[in-house]
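I opened a fresh page today to look through a two-chain model at my own pace. Here is what I looked up, entry by entry.

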Amino acid sequence: MTRVLATLAVGLLLALLLSVTLGSVSLPIDRLLAALAFQGSEGDELVVWQIRLPRALAAAMVGAALGMSGAALQGLLRNPLAEPGILGVSATAALFATFVLYFGFATAGPLVLPLAAVAGALLATLVVALAAIRTRSVVTLILIGVGLSSFSAAIMALLMNLAPNPFSLADMVNWMLGTVDNRSFADLSFAAPFMIAGALILLMSRRGLSALSLGDEAAEGLGLDLRRQRLAVIIGAGLATGAAVSLAGAIGFVGIVAPHLVRPFLRYDPAQLLVPSALLGGLILVLADIGVRILPTDSELKLGVVASLLGAPIFIWIASRRRLA
Amino acid sequence: MMLLEARDLNHAIEGKALVSDAGFTIGSGTLTALIGPNGSGKTSLLRLALGIVPGDTGEVRIGGMPSGELSPIERARRVAYLPQTRPLVWPQPVEDIVALGRFAYGAALGRLSPEDKAAVTRAIAACQLEGFENRAADTLSGGELARVHLARALAAETALVVADEPVAALDPRHQHQTMRLFADMARDGRGVLTVIHDLDLAVRYADRLLWMHDGRIVADGPPEATCTPDRLRSVFGIAAHVRREGRALRLDIQGPA
């Protein structure tokens with residue numbers, strides 16, 4: 001456990017450093033460190049603090065939020081294929097953001113778009129949470145998430161279908177593909193409190209995830225308060241995912257891939273999985289974002305596109321290899 | 001001492017009564033077998049009695065306390081429950097699955113206290129799973145897995161163990177070993193309530209039989225007093241001879257009545 005954590009933490013730090021080093025302006029390590037310590041030239045500090053560091057940190061935060069949410073939802077729903085998207089949280093957050101773009105509200109202020117995304121995520125969370133209180137069936141819960149997801153996607157398609165001009169359409173597409181380009185520390189500081197609150201809720205309820213590996217009925221017999229556990233995971237994952245979507249748009253599959261890769265090193269315990277999944281999720285997105293920037297394409301690849309290109313085949317592979325239950 | 005007292009339990013789903021007017025008590029020092037044909041309401045009765053499913057009416061006291069006043073953790077420290085369906089999703093090692101039995105004592109996997117570890121070791125030994133500690137769940141046979149789940153329930157070391165068909169998947173040797181283990185636990189002053197379909201095992205080891213039929217408890221008493229050919233016919237629809245050999249009963253089931 002400790003070794004896994006240490007390895008992933010060091011890996012994430014190195015990836016962040018690498019990400020800050022790379023860019024159109026070449027920055028040797030001494031100038032980079034000087035800029036990080038506010039001892040460099042004004043230009044260097046601008047590049048590091050205004051452009052590269054926020055971008056690298058955004059990728060790390062989004063990956064961590066999605067990785068931890070995925071691990072927690074997989075534990076709750078007892079399904080290695082669950083991810084933040086399955087509850088419809090990502091899709092509803094994306095829908096709300098598209099909505100403010102479509103009607104031009106997004107120009108009213110820089111916080112309108114993120115606020116809308118978080119509001120959408122929380123609304124979806126609330127709907128699923130109410131369903132969780134009513135039903136005892138996990139399958140029902142998943143199906144409600146799938147329905148919510150499809151409904152959001154349908155409304156989104158409708159908005160794009162009726163988009164008044166190519167510019168707003170391009171805006172929406174751009175944002176839906178998912179990217180951490182052009183993020184500022186202001187954007188990060190708005191998303192961070194939601195992510196931290198979500199992560200804390202998930203961490204506080206993690207022991208119940210272990211109990212759930214025996215099934216709902218046995219877990220209740222062990223002394224788990226099933227409703228409270230479900231609410232905690234749904235609200236925690238909803239907050240973290242909503243904040244992630246507000247920061248980077250829709251980025252899929254990190255929440256599936258990260259937990260899957262670390263699970264064998266943690267004896268498959270859903271509780272011990274949370275923090276390593278967050279670290280690996282952050283690492284994956286930082287690396288993917290580096291890849292996006294160094295690949296020589298005419299128009300820049302979007303981070304969400306790369307994440308899906310890598311993640312979808314892994315998803316199919318995991319699905320085809322399930323043995324238990 | 002009364003470990004579990006259930007009175008006037010009723011539960012119906014969409015007009016179909018699963019459990020009707022059921023009441024029973026489980027005292028310390030007894031092994032009680034809950035028997036009845038498929039669909040007679042045995043599992044529903046256990047769930048109601050443990051408060052896992054809220055009943056329509058009824059009153060349950062666990063260790064003398066009304067079950068509504070017990071938190072899930074407090075209840076779990078008094079009763080260990082082994083459900084009939086035991087779905088596992090992750091290929092966890094056996095000792096981790098058993099260690100989950102210590103949940104109500106605050107145990108977290110990877111950070112077990114010495115008491116938790118000792119209880120896990122005792123439960124693994126009681127279910128004869130030594131050597132299996134690090135085997136992954138998906139490499140075990142159905143019977144081995146059933147013993148792992150039983151060990152998980154026993155690891156809580158509660159005064160009362162409620163088990164739903166614990167021996168159904170076991171080979172004859174382990175069936176007898178498990179029932180003997182339950183009988184030993186009862187002799188040590190604990191209580192065991194188990195659902196079982198093997199009537200031979202039930203009459204051989206249980207101190208008491210709870211007979212269920214159509215959601216009702218139709219008889220409640222020691223095997224010698226309640227296990228009669230007439231009752232076997234009316235409850236299970238089987239024709240059987242019942243012989244007495246010394247203090248023990250022997251069943252000879254001839255077939256459907």
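The notes below go through sheets, salt bridges, a surface patch and a buried serine.

**Ground rules.** I am working with a predicted model, where local features need pLDDT of at least 70, side-chain atom pairs count only at pLDDT 80 or more, and totals for chains, interfaces and linings use all residues. Residues are numbered from 1 along each chain as its sequence is written, chains are lettered from A and ligands numbered from 1 in the order in which they are written, and side-chain values use heavy atoms, with hydrogens and water left out.

**Entry 1: the antiparallel sheet of chain B.** I started with an open sheet of four strands in chain B, ordered β2-β1-β4-β5 with antiparallel pairing. Its edge strands are β2 and β5 of chain B, each pairing on one side only. For my own reference, helices (H or I, at least four residues) and strands (E, at least two) are DSSP runs numbered from the N terminus, and two strands pair if DSSP finds at least two bridges between them.

I then walked across the pairs. β1(B) and β2(B) are joined antiparallel by eight bridges, and B:H11 has B:V19 in β2(B) as its bridge partner. Strand β1 (residues 2–13) and strand β4 (residues 57–62) of chain B run antiparallel with five bridges; there I found B:N10 opposite B:T57. Between β4(B) and strand β5 (residues 65–66) of chain B there are two bridges, again antiparallel, with B:I62 partnered by B:M65. These two strands make a hairpin with two residues between them, and B:G63 in the turn has a positive phi of about 60°.

What lies across this sheet? α1(B) lies across β1, β2 and β4 of chain B, at about 60° to β2(B). Contact here means heavy atoms within 4.5 Å, and angles run from 0 to 180 degrees between N-to-C directions, with axes fitted to C-alpha atoms (for helices, over the stretch in contact).

**Entry 2: the mixed sheet of chain B.** Next I looked up an open sheet of six strands, in the order β6-β7-β8-β3-β9-β10 of chain B, with mixed pairing. β6 (79–82) and β10 (216–221) of chain B are at the edges with a single partner strand each, so one side of each has no neighbour in the sheet. The twist from one strand to the next averages 15°. Helix α9 (residues 229–236) of chain B packs on this sheet, touching β3 (31–35), β9 (208–213) and β10 of chain B, and its direction makes about 40° with that of β9(B).

At one edge, β6(B) pairs with strand β7 (residues 160–164) of chain B in the parallel sense over four bridges. B:L82 has B:A163 as its bridge partner in β7(B).

**Entry 3: salt bridges.** How many salt bridges does a search of the whole structure find? The search gives 17 over all chains, counting a side-chain nitrogen of Lys or Arg within 4 Å of a carboxyl oxygen of Asp or Glu.

I looked at three of them. A:D181 bridges to A:R55, with the closest N and O atoms 3.1 Å apart. A:D181 sits in the loop between α7 (166–177) and α8 (185–204) of chain A and A:R55 in helix α3 (residues 42–77) of chain A, 126 residues apart. A:R55 is buried at 7% relative accessibility, while A:D181 is partly exposed at 26%; the cut-offs are under 20% for buried, over 50% for exposed and in between for partly exposed (1.4 Å probe, protein chains only). Both residues belong to a salt-bridge network with A:D289 and A:R293.

B:R47 and A:E217 meet at 2.6 Å, N to O. B:R47 is in helix α1 (residues 42–50) of chain B and A:E217 in helix α10 (residues 216–221) of chain A, so this pair joins two chains. A:E217 counts as buried at 14%, whereas B:R47 is partly exposed at 28%.

B:D21 and B:R216 form a salt bridge at 3.2 Å, N to O. B:D21 lies in strand β2 (residues 16–27) and B:R216 in strand β10 of chain B, so the pair ties together parts 195 residues apart in sequence.

**Entry 4: a buried serine.** Last, I checked A:S246 in helix α11 (residues 226–248) of chain A. A:S246 is buried, with 8% relative accessible area. Leaving out residues up to four places away in sequence, A:S246 touches A:P114, A:A117, A:V118 and A:A191.

**Entry 5: a nonpolar patch.** A:L123, A:L126, A:V127 and A:L130 form a nonpolar surface patch with about 340 Å² of accessible area together. Patches take residues with over 30% relative accessible area and no salt bridge, joining like charges within 9 Å and nonpolar side chains (Val, Leu, Ile, Met, Phe, Trp, Tyr) within 5 Å; the areas come from the Shrake-Rupley method with a 1.4 Å probe, and for residues only the protein chains shown count as cover. A:L123 is in helix α5 (residues 112–134) of chain A and is partly exposed at 41%.
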